[in-house]
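Trainee: I would like to learn how to read a protein model. Can we go through it feature by feature?

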Amino acid sequence: MTALEEDTESQPSPMSWKQKIEPVAILLSILLIVVLVVDFAKHAERFNPFLDKPTKCSVELVAARGIGSALGPGAESSSPAFDLLVHVDNGHVFGIRDGGSDVVVSYAGVPLARGRSPAFHLKEKEAVTVAVDTASRGVGIPDELFLLMVQERRSGATPQLQIDLWLDFGLVRCSLELDGVQRASQCDKLNFIYTS
């Protein structure tokens, strides 16, 4: 074997274009797979039924006015009114909407004030807080009911208000202290069983 033949055998042969592009293709494939996995992980919540949670509601009492006897002095100007903040947290993996709901504030089962919440639309895993003003439209608290409130306060108890919200996705009920420290409350969704 001549020196020239030995020299050509020890040198690697030139790479073909297929051999040159193969590492680049592998690298691009790995990068594409990483991008797809990250994108799927980011949006997996949307498609995973195990991450679907119920909608939660809470109500905060911002202000209460006109809490006096219907027979007391100035009763005609003291009809009950309540300013509320309703917080709705959509835990679902799909959007929900409400076209505006009836809100009733009661004490001891007697409705004191009514109002309507504004309409809203929530995307999946989104939350909203809406202001709701309720009023009795000129009707004061019945005298017996006012006396019950007074007796509760004297005994050291705090009068409890009940707030019912008829949302498009169900009836929600909350309990709030009228003049206590608990001015916000988680609400419970009520289930109904219909019979014929």
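Mentor: Start with a definition: two strands pair if DSSP finds at least two bridges between them. Helices (H or I, at least four residues) and strands (E, at least two) are DSSP runs, numbered from the N terminus. This is a predicted model, in which local features need pLDDT of at least 70 and side-chain atom pairs count only at pLDDT 80 or more, while totals for chains, interfaces and linings use all residues. Residues are numbered from 1 along each chain as its sequence is written, and side-chain values use heavy atoms, with hydrogens and water left out.

Trainee: How do strands hold on to each other, and in what order do they stand in the open sheet?

Mentor: Strands of a sheet pair through backbone hydrogen bonds, either parallel or antiparallel. Here nine strands form an open sheet, and their pairing is antiparallel. Read the order as β10-β1-β2-β7-β5-β4-β8-β9-β11. At the edges stand β10 (184–186) and β11 (188–190). Each has a single partner strand, so one side of each is left without a neighbour in the sheet. From one strand to the next, the twist averages 25°. Angles run from 0 to 180 degrees between N-to-C directions, and axes are lines fitted to C-alpha atoms, for helices over the stretch in contact.

Trainee: How many bridges join β2 to β7?

Mentor: Nine, between β2 (residues 81–89) and β7 (residues 127–135). Leu-85 stands opposite Ala-131 in β7. β5 and β7 pair over two bridges, and Gly-115 has Thr-134 of β7 as its bridge partner. At the edge, β9 (residues 170–177) and β11 pair over three bridges. There, Arg-173 is matched with Asp-188 in β11.

Trainee: Which strands does helix α3 touch?

Mentor: Contact means heavy atoms within 4.5 Å. Helix α3 (residues 143–154) packs on the sheet and touches β4 (102–107) and β5 (110–116). Its direction makes about 65° with that of β4. Look at Met-149, found in helix α3.

Trainee: Is Met-149 buried or exposed?

Mentor: Buried means under 20% relative accessible area, exposed over 50%, partly exposed in between (1.4 Å probe, protein chains only). Met-149 has a relative accessible area of 0%, so Met-149 is buried. Leaving aside neighbours within four places in sequence, its contacts include Ile-67, Tyr-107 and Leu-112. Met-149 and Tyr-107 are 42 residues apart along the chain, yet their C-alpha atoms are separated by 8.8 Å.

Trainee: How many residues does the largest nonpolar core have?

Mentor: A nonpolar core is a set of buried Ala, Val, Leu, Ile, Met, Phe, Trp, Tyr and Cys residues joined through side-chain atoms within 4.5 Å. The largest here has 32 residues. Ile-163 is among those with the most contacts inside it. Not counting residues up to four places away in sequence, Ile-163 touches residues including Val-59, Leu-84 and Cys-174.

Trainee: Which cysteines does the disulfide join?

Mentor: A disulfide is a pair of cysteine sulfur atoms within 2.5 Å. The structure holds one. It joins Cys-174 to Cys-187, S to S 1.8 Å. Cys-174 lies in strand β9 and Cys-187 in the loop between β10 and β11, so the pair ties together parts that are 13 residues apart in sequence. The torsion about the S-S bond is about 95°, so the disulfide is right-handed. Cys-57 is in no disulfide. Its nearest cysteine sulfur, that of Cys-187, is 5.8 Å away.
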